[in-house]
Amino acid sequence: SPSRGLGDVYKRQVLTCDNVTDIDFKKIEKDYYKKKKPLCMIIPTKPVVGLSGDYISSKNNVVNSLSRKKKTGIYCTGIQVLNPKKINQKIKPTSDFNVLWKRLMKIKQLYVSDIEPKKWYTVDNIENYKNLKKKKV
């Protein structure tokens, strides 16, 4: 509840505009606090045939690497919870999320959530859009 200060996490949830998803933000919020509010927590999903993504390697939810080549059982959805104020205090400014994630990995502040969307799809191009219309995700 907002009275405990948990509601402020909604100001920090970031979704890329190409996401089509069904996700439980309350569960994500609880997971974020359970992980002691890392500077950034990315929301994973299982890979979807026909979609590319950044595969996540982690240990105890701390992300070690993100790779388009080294495949794992999960990859990034483009959904993340972050704390801009704390990031700006600890990380050199950048407008590139890939650079930000590398800097966060260096200080072990890029986490992966245990919560995955019930449904997830991304529309990066016309082909993805056509597939989405067929699937009715």
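This report walks through a predicted model of a protein, from its overall build to a few residues and one pocket.

## The overall build

Let us start with the whole chain. The protein contains 4 helices and 8 strands. Following the sequence from start to end, you meet these elements in the pattern β-β-α-β-β-β-β-α-α-β-β-α. The chain has 137 residues, and 42% of them count as buried.

How do distant parts of the sequence take part in contacts? Among contacts with a separation of 6 or more, 67% are between residues 24 or more positions apart. Several examples of such long-range meetings appear further down.

## Strands side by side

Two strand pairs are worth finding in the structure. The strands β3 (residues 40-45) and β6 run antiparallel and are joined by 6 bridges. Within this pair, I43 stands opposite I79 of β6. Is strand β6 mostly covered or mostly open? Strand β6, which spans residues 75-82, is mostly covered, and 8 of its 8 residues are buried.

The other pair is β4 with β5, again antiparallel, and here 5 bridges hold the partners side by side. In this pair S58 stands opposite V63 of β5. The two strands form a hairpin with 2 residues between them. A general point helps when you look at any strand: in a regular strand, side chains alternate between the two faces of the sheet.

## Two residues with a positive phi

The hairpin loop brings us to N60, which lies between β4 and β5. The phi angle of N60 is positive, about 55°, although N60 is not a glycine. A second residue of this kind is K108, another non-glycine with a positive phi, near 55°. K108 sits in the loop between α3 and β7 (110-112).

Why does N60 count as exposed? N60 has a relative accessible area of 66%, and the cut-off for exposed is over 50%, so N60 counts as exposed. K108 is also exposed, because its relative accessibility of 54% is over 50%.

## N61 and its neighbours

Right after N60 in the sequence comes N61, which also belongs to the loop between β4 (55-59) and β5 (62-67). Which residues does N61 touch beyond its close sequence neighbours? Leaving out residues up to four places away, N61 touches K35, L110, Y111, V112, S113 and D114.

The side chain of N61 takes part in two polar contacts. One of them goes to the backbone oxygen of V112, at 2.8 Å. The other goes to the side chain of D114, at 3.0 Å.

Two of the residues touched by N61 deserve their own look: Y111 and S113. Y111 is part of strand β7, while S113 is in the loop between β7 and β8 (119-122). Are these residues buried or exposed? Y111 has a relative accessibility of 17%, which is under 20%, so Y111 is buried. S113, at 4%, is buried because that value is under 20% too.

Both residues come close to partners far away along the chain, as this table shows.

| Residue | Partner | Separation along the chain | C-alpha distance |
|---|---|---|---|
| Y111 | I42 | 69 residues | 6.2 Å |
| S113 | I43 | 70 residues | 5.3 Å |

The contacts of these residues fill in the picture. Among the residues that Y111 touches are K35, P38, C40, M41, I42 and V63. S113 touches D31, K35, M41, I42, I43, P44 and N61, again leaving out residues up to four places away in sequence. The side chain of S113 also reaches the backbone nitrogen of I115, at 2.9 Å.

## The second largest pocket

Finally, let us look at a pocket. Rolling a probe the size of a water molecule over the atoms shows where empty space is left. The second largest pocket has a volume of about 170 Å³.

Which residues line this pocket? The lining is made by L82, P84, I87, N88, I91, K92, P93, T94, S95, D96, F97 and L100. The elements that give two or more residues to this lining are α2 (84-90) and α3 (97-106). Of the elements, α2 gives the most, with 3 residues. Sorted by class, the lining has 7 nonpolar, 3 polar and 2 charged residues.

How values were computed: Residues numbered from 1 in each chain as written. Predicted model: local features only at pLDDT ≥ 70, side-chain atom pairs only at ≥ 80, totals over all residues. Heavy atoms only, no water. 1 Å grid on protein atoms, 1.4 Å probe; cavity = no way out; pocket = protein on both sides within 12 Å on 5 of 7 lines; lining within 4 Å. Points joined across faces, edges and corners; volume = space filled by probe spheres on them. Nonpolar A, V, L, I, M, F, W, Y, C, P; charged D, E, K, R; others polar. Polar contact = N/O pair within 3.5 Å; in protein donor to acceptor, adjacent residues only side chain to side chain. Contact = heavy atoms within 4.5 Å. Buried < 20%, exposed > 50% of the residue type's maximum accessible area, 1.4 Å probe, protein only. Pairing = 2+ DSSP bridges.
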